[in-house]
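Please open the structure in your viewer and keep the sequence beside it, so that each selection can be made by residue number. The tour goes from one selection to the next, and at each stop you are told what to look for.

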Amino acid sequence: MSEWCQNKKCPEKKTKGQIRGNKGSKYYQSNKSSGYYEYWCSMGCRDVWWNEHKNTCIQAVGFIDKQIIHLEDAWYVEYRYDWRAEQQDRYYLRNLLKNVDQQITREQAQSSEDIQAGHDWRTIDDTQAKKLAVTLGLAS
Ligand SMILES: [Zn+2]
């Protein structure tokens, strides 16, 4: 892994922070890669790199076929916040392929850890949502 931005055109940004060297022999250099973008200094540099190398990447990873989520696996929990409502935090167990959009309790929608941590917006994952649907008699 390199500490430098992987976009070879990075120095062409010509920012003040990229200037090095002494008077008479100054030059622009690449930025260091950032923690967030890992191999690049910015989203812009990542985009340049991606546009040049995406075909190489997809060939290396391999193509996949169309993906499908079947009706019986289409369960999820949605969090909705409504500042106008008396009860502002609301959770719904949904499966739009089965026309189900049922309000559930916070205890059903969240893990006890998330409730304790006060993470109102976090919900159980889709596998747990399906289990909840079975428990509530909405699925088998
Ligand atoms: Zn860069």
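Begin by selecting strand 4, which is mostly covered, since five of its seven residues are buried. As you look at this strand, keep in mind that the model in front of you is predicted. Strand 4 comprises residues 89-95, and it belongs to an open sheet of three strands whose order is 3-4-5, with antiparallel pairing. Now add the two other strands to your selection: strand 3 (76-81) and strand 5 (100-104) stand at the edges, and each has a single partner strand, so one side of each is left without a neighbour in the sheet. If you turn the view to compare the directions of the strands, you can look for the angle between neighbours, which is 30° on average when direction is ignored.

Next, look at the pairing on one side of strand 4. How many bridges join strand 3 to strand 4? There are six, and the two strands run antiparallel. To follow this pairing residue by residue, select V77, which stands opposite L93 in strand 4, and then Y76, which stands opposite R94 in strand 4.

Move across to the other side, where five bridges join strand 4 to strand 5, again in an antiparallel arrangement. Select Y92 and you will find Q103 of strand 5 opposite, while Y91 has I104 of strand 5 opposite. Strand 4 and strand 5 form a hairpin with four residues between them, and in the turn you can pick out N99, which has a positive phi of about 55°.

Stay with the sheet, but now show the side chains of E78, R80, R94 and D101, which are linked in a network of salt bridges. Within this network, the side chains of E78 and R80 meet in a salt bridge of 2.7 Å, N to O, and D101 forms a salt bridge with R94, where the closest N and O atoms are 3.0 Å apart. Which member of the pair D101 and R94 is buried, and which is partly exposed? R94 has a relative accessibility of 14% and therefore counts as buried, because the limit for burial is under 20%. D101, at 37% relative accessibility, counts as partly exposed. E78 counts as partly exposed at 23% relative accessibility, and R80 also counts as partly exposed, at 27%.

The structure holds ten salt bridges, and another one to visit is formed by the side chains of K130 and D73, at 2.9 Å, N to O. Why does this pair tie together separate parts of the chain? K130 lies in helix 4 (residues 126-135), whereas D73 lies in the loop between helix 1 (43-61) and strand 3, so the pair ties together parts that are 57 residues apart in sequence. K130 counts as partly exposed at 29% relative accessibility, and D73 counts as partly exposed at 39%.

Now select the zinc ion, and then display the residues that coordinate this ion, which are C5, C10, C41 and C45, each through its SG atom, at 2.3 to 2.4 Å. What arrangement do the four donor atoms make around the zinc ion? The arrangement is tetrahedral, because the donor atoms subtend angles of 104 to 118°. If you trace these donors in the sequence, you will see that they follow the spacing C-x4-C-x30-C-x3-C along the chain. While C41 and C45 are still selected, note that C41 is buried, and so is C45.

For the last stop, select Q18, which lies in the segment before strand 1 (19-20). Is Q18 buried or exposed? Q18 counts as buried, because its relative accessibility is 0%. To see what surrounds this residue, display its contacts, leaving aside residues up to four places away in sequence: Q18 touches C10, P11, K13, Y27, Y28, Q29, S30 and N31. One of these contacts leads back to the previous stop, since C10 is among the residues that coordinate the zinc ion.

Methods
Residues are numbered from 1 along each chain as its sequence is written. This is a predicted model: local features need pLDDT of at least 70, side-chain atom pairs count only at pLDDT 80 or more; totals for chains, interfaces and linings use all residues. Side-chain values use heavy atoms; hydrogens and water are left out. Donors are N, O and S atoms within 2.8 Å of the metal (3.2 Å for Na, K and Ca); water is not among the atoms, so sites may look incomplete. Four donors count as tetrahedral if all angles lie between 85 and 135 degrees; four count as square planar and six as octahedral if opposite donors are over 155 degrees apart and all others between 65 and 115; anything else is irregular. Buried means under 20% relative accessible area, exposed over 50%, partly exposed in between (1.4 Å probe, protein chains only). Two strands pair if DSSP finds at least two bridges between them. Axes are lines fitted to C-alpha atoms, for helices over the stretch in contact, and angles run from 0 to 180 degrees between N-to-C directions. Contact means heavy atoms within 4.5 Å. A salt bridge is a side-chain nitrogen of Lys or Arg within 4 Å of a carboxyl oxygen of Asp or Glu.
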